[in-house]
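Here is a quick walk through a few spots worth a look in this one. Have the sequence and the model open side by side as you read.

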Amino acid sequence: MVNSRVEAPTVTVMGGGGATGRSCGGCGGRILDRFLLFSMERYWHTRCLKCSCCHAQLGEFSSTCYSKGGMILCKNDYIRLFGHSGACSACGQSIPASEMVMRAQGNVYHLKCFTCATCRNRLVPGDRFHYINGTIFCEHDRPGGGLHATHSSSIMSDQKVC
């Protein structure tokens with residue numbers, strides 16, 4: 001999966017006073033509520049600023065939300081989808097929030113680090129690969145041969161870069 005950037009904008013609750021005339025970043029409707037939220041440079045109805053995954057209303061339980069890959073996320077779903085460390089699983093270096101990444105089996109990689117362990121060719125979206133014991137192999141360099149219809153070992157898996 002290729003992801004673009006992450007932001008951790010705060011959610012500010014503001015008194016709307018009833019007739020702000022601002023439009024909601026979620027539904028596009030006019031905000032006439034007593035309270036409104038301001039996050040990611042937009043105004044929101046309190047009911048519209050929701051996590052893209054679990055649909056929790058973000059203004060109710062947190063002052064922070066996350067934005068990555070066009071999704072708005074609560075902290076739990078951000079961590080579940082994108083991990084804790086922010087470090088590349090191949091080189092161990094940190095990955096800046098604005099950098100695109102590749103993911104495999106819950107691990108995150110710099111684009112330049114998502115390469116076959118044998119031929120060192122970089123894998124791109126659409127390429128098939130094998131993830132064996134934490135090591136990435138391109139479709140042609142899987143240890144023990146090419147693609148098989150079935151596997152006898154649970155540690156071997158054929159995957160496709162999304």
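Met 40 is buried, because its relative accessible area is 14% and the cut-off for buried is under 20%. You'll find Met 40 in the loop between strand S3 (35-39) and strand S4 (42-44). Its backbone is worth a glance too: phi is about 55 degrees, a positive value, although Met 40 is not a glycine. As background, most residues other than glycine have a negative phi. Keep in mind throughout that this is a predicted model.

His 55 is another residue of that kind, with a positive phi near 65 degrees and no glycine side of the story to explain it, being a residue other than glycine. His 55 lies in the loop between S4 and helix H1 (58-61). Is His 55 buried or exposed? At 53% relative accessibility, His 55 counts as exposed, whereas Met 40 is buried.

On to the aromatics. A search of the whole structure turns up three aromatic pairs. In one of them, the rings of Tyr 109 and Phe 114 have their centres 5.3 Å apart and their planes at 65 degrees, so this pair is edge-to-face. Tyr 109 and Phe 114 are both buried. Phe 114 also pairs with Phe 129, again edge-to-face, with 5.5 Å centre to centre and 80 degrees between the planes. Phe 114 sits in the loop between strand S8 (107-110) and strand S9 (128-132), while Phe 129 is in strand S9, so the pair ties together parts that are 15 residues apart in sequence. Phe 129 is buried, as is Phe 114. Put together, Tyr 109, Phe 114 and Phe 129 form one aromatic cluster.

There is a charge over a ring as well: Arg 22 lies over the face of Tyr 43, at 4.2 Å from the ring centre.

Strand S9 has something else to show, since His 130 is found there too. His 130 counts as buried because its relative accessibility is 0%. What does the side chain of His 130 reach? The side chain goes to the backbone oxygen of Glu 139, at 3.5 Å.

Now the cysteines. How many disulfides are there? The count comes to zero. A disulfide needs two cysteine sulfur atoms within 2.5 Å, and the table shows two cysteines with their closest cysteine sulfur.

| Cysteine | Closest cysteine sulfur | Distance |
|---|---|---|
| Cys 27 | Cys 48 | 3.9 Å |
| Cys 51 | Cys 54 | 3.7 Å |

For Cys 27, the sulfur in Cys 48 is too far for a bond, and the sulfur of Cys 51 is likewise too far from that of Cys 54. As for exposure, Cys 27 counts as partly exposed at 47% relative accessibility. Cys 51, at 1% relative accessibility, counts as buried.

One last stop is Pro 96, in the loop between helix H2 (75-82) and strand S7 (101-104). Pro 96 counts as partly exposed, with 42% relative accessibility. Pro 96 and His 110 are 14 residues apart in sequence, and their C-alpha atoms are 9.5 Å apart in space.

Terms used. Residues numbered from 1 in each chain as written. Predicted model: local features only at pLDDT ≥ 70, side-chain atom pairs only at ≥ 80, totals over all residues. Heavy atoms only, no water. Buried < 20%, exposed > 50% of the residue type's maximum accessible area, 1.4 Å probe, protein only. Phe/Tyr/Trp six-rings, centres within 6.5 Å; stacked < 30°, edge-to-face > 60°. Helix = DSSP H or I, 4+ residues; strand = E, 2+ residues; numbered from the N terminus. Lys NZ or Arg CZ within 6 Å of the ring centre and 35° of its normal. Polar contact = N/O pair within 3.5 Å; in protein donor to acceptor, adjacent residues only side chain to side chain.
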